Amino acid sequence: MRAFEFPAFLKLQNLRPWWLKMAVLVLIGYPLFSNRPAAFIASAMGQCLPETLGALLVWPLITFFIWACCLPSLGTAKLLDYLAAAYAMAVTTTLSGAALRGLLPAIFLSDPVADNLRLMRVYFNILAVFPYSLTFVNSFSVSDLMARLTKTRGKFRGAGLHLALALRICQHVGEVIPKLLLVWREENPELLLPRCRDDWQGISPLARWPMWVVLSISQWIFACIILTFEPIPVMVNEIEQIDESGDSDDPDKV
Amino acid sequence: MNYAEKKINVFAFDTYEELVDHFVQATGIFFPKMAAGRSEFFRAFSQWLNRSTQSSSRAVITPDPAQGLALPNALQILTSALNQSRKNAGTAEASELLEKYGLTPKILTQPVNTLSGGELLLLNFAKAEAQCSQVKGLAACNPVFWLNPARHKFWLNLCDSYKAADKNVEALVLRGDHLDSSSRSDKFPSVDALSVNLLIDSPLVNFPEIQFPVFHAASKLLYSWVSETDEVFSPFLITGDNGVGKSIFARLLAGILPIGSGRAVIMNPGDKCTVRLLFQEAITQLFAMSPSEYLEKTFSASRTLFNEAVGLFRELMQSIYSDKLSGDTRNWNSLLAGKACLIAARLAEKPALILLDEPGWGLSRHDAGMLVFHTCRLAHQRETGVGIISHQPEWHDFARSNLKLKKIAPEQVEISHARL
């Protein structure tokens, strides 16, 4: 059975020309780059709602808006996949942030309301930024850009090829994670618990799981970085080949 | 096949690391040795960043064929390669190239990281053909290793295309590969059979539709067991054509792919039912760590199993190297050591079955034979069965049962069992 599909015109990847796609994507993500939309919505809501409630509701609203814009492009299944990863990241960040605030009160602000609002904003920002950024980088086709550049001459060609490489590396991060997830599942079928856990070497029961989680997060970070970097030399070689083929083919290059 | 007659330069190496060194030297493309661990990776990568060498003017099939495919799907890879020669290529030209190399155009929009090893190699061939007019030659690492022997002709077709354009072809292989006919005579020692019960009751795997960034239709694969008995004898061999679904079957047995309906369960003496898997691209399973770092991390919550795994790792390495094993870190941080360590970690847990997907990839024929023989010896001592997924004909003499996978309909695979 086929999954429900949104109309093609709602899909950001289908927008042409590329600069219109870029403009629409930047417009959708504007509330994430600037505080102005949030401040505007909060002040508008402040007129009919209590001030703190307005500030509380503005970030969930912005997050829902961004999800709604990404949903037609991603489809339900993909959006839920991205949200699962985003929730894990948001919960880890806010919980560790809250724990640090409790443990090191001298470093952080003493206003608990402002602190809680800040943590809540971080939480919703992560939930919005994760699917938005993946939608953004995957909406552009590197091969289309490279095809266009093979027919281009002049100073923008080199810059364009560098941009193609950077875009492809960003896209590659999204491909590395499912590969590592498969490896992780084979290693730890329960995902959040180690497969072999019968002898914790005298570690206190309270510290066991957090220690394992910290160790696992560091492994994931290194593995993601290394596996993302791994194909870069081959990608660079391909880009250089395109660049050189253009140089040699066209004697009257600008 | 006499490759000298075809003017293909074949270079054979004893280890994967030597092959990678030669590839880097010949092409100027940096290729990391992932089993050496994180610090070595970053050191080599920063050296590459500060390099002064120019790009390679040759088409390449990298030591890990997946790394040479820098774009997300076959359509983008092939159109990009064709466009280098200003052909304004589209889906039709890309499909034509895929068909020329025995692949179905259905895989055009399939993410590259979900293709099987053989499909990856054939896609590399199609890409190299697309690049032929723009490059000065071809450097290919292990170009037929993952291919069913019936598909070796596609490699010869690619070589013919390059020869017709008067371009040089270099094949870098490991000692004992099909292209290195000089040392294929040695036989592997045999091991006693171990009985294992496989309960395969029409398991169905569903692959969901992909809508983003490129649409790819949903598909499914149904396996049917056509033998009268459930009993197979370890070590058993899983064979079949490229893309038939061998690796998917292995993942299904290992429980890392969800089964839509039916069941695929293993039972061996002692009622154990855990299945562990060594992937085709086993190096990824080290999670970018060296073998010793991997063992430390995997058993951070189980000292007893850590000691057991370290003991098994040392025993495997010493058995493979005989008396030639030194304390040299290059031996302990090699691809062979990486595979031995992954196997040791799995055997320490005493699973019902350990599946080795193309265990010989990246190893010379001798090393592959020794690794699998000693794995079977140690596994059978622990009442653990061993399954080998491979195209290499040498395993036929070694295995005790053969599970042959055959596509009988577009989404249906039949598994037949024969005692060897």
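**Notebook: a two-chain predicted model**

I began with chain A of this predicted model, following its elements from the N terminus on, and I read them as α-α-α-α-α-α-α-α. I tallied eight helices and zero strands for chain A.

I then looked up the dimensions of chain A, where the C-alpha atoms fill a box of roughly 70 × 60 × 50 Å along the principal axes. For the radius of gyration I noted 23 Å in chain A, whereas a compact globule of 254 residues would have one near 18 Å. I also checked burial, and found that 28% of the 254 residues of chain A count as buried.

Next I turned to the domain assignment of chain A, which gives domain 1 as 13-33 + 51-132 and domain 2 as 141-198 + 205-254. Between the C-alpha centres of these two domains of chain A I recorded a distance of 24 Å. Looking at contacts in chain A between residues at least 6 apart in sequence, I found that 69% of them join residues at least 24 apart.

I moved on to chain B, for which I listed 13 helices and 14 strands. Its radius of gyration is 21 Å, close to the 22 Å that the globule rule gives for 420 residues, so I entered chain B as being as compact as a globular protein of that length. The C-alpha trace of chain B spans about 65 × 50 × 45 Å along its principal axes, and 55% of the 420 residues of chain B count as buried. When I took the contacts in chain B between residues at least 6 apart in sequence, 76% turned out to join residues at least 24 apart.

For the strands, I followed β6 of chain B (residues 219-225) to its pairing with β5 of chain B (residues 194-207), where the two run antiparallel and are joined by four bridges. Within this pairing I picked out V205(B), whose bridge partner in β6(B) is L221(B). I also traced β6(B) to strand β14 of chain B (residues 412-419), and here the strands run parallel, again with four bridges. As an example from this pairing I noted Y223(B), which has V413(B) as its bridge partner in β14(B).

I then asked which residues have the most contacts inside the largest nonpolar core, and they are L78(B), A309(B), A340(B), A344(B) and L355(B), in a core of 160 residues. The largest share of this core, 11 residues, comes from helix α11 of chain B, which covers residues 335-348. I also wrote down a second, separate core of 24 residues, which includes L25(A), C69(A), L74(A) and Y132(A). As a general reminder to myself, nonpolar side chains tend to be buried together in soluble globular proteins.

Returning to L355(B), I left aside its neighbours within four places in sequence and found it in contact with A250(B), L253(B), A254(B), V275(B), L277(B), L278(B), G387(B) and I389(B).

Last, I examined where the two chains meet, a contact that takes 55 residues from chain A and 47 residues from chain B. On the side of chain B that touches chain A, I found that α2 (38-49), α3 (74-83), α8 (291-298) and α9 (303-321) of chain B each supply at least two residues. I sorted the residues of this side of chain B into 22 nonpolar, 20 polar and five charged.

Definitions and conventions. Residues numbered from 1 in each chain as written. Chains lettered and ligands numbered in written order. Predicted model: local features only at pLDDT ≥ 70, side-chain atom pairs only at ≥ 80, totals over all residues. Contact = placed C-beta atoms within 7 Å. Nonpolar A, V, L, I, M, F, W, Y, C, P; charged D, E, K, R; others polar. Rg over C-alpha atoms; globule rule 2.2 N^0.38 Å. Buried ≥ 20, exposed ≤ 12 C-beta atoms within 10 Å, placed from the backbone. Domains from an automatic or database assignment. Pairing = 2+ DSSP bridges. Core = buried A, V, L, I, M, F, W, Y, C linked by C-beta atoms within 7 Å.
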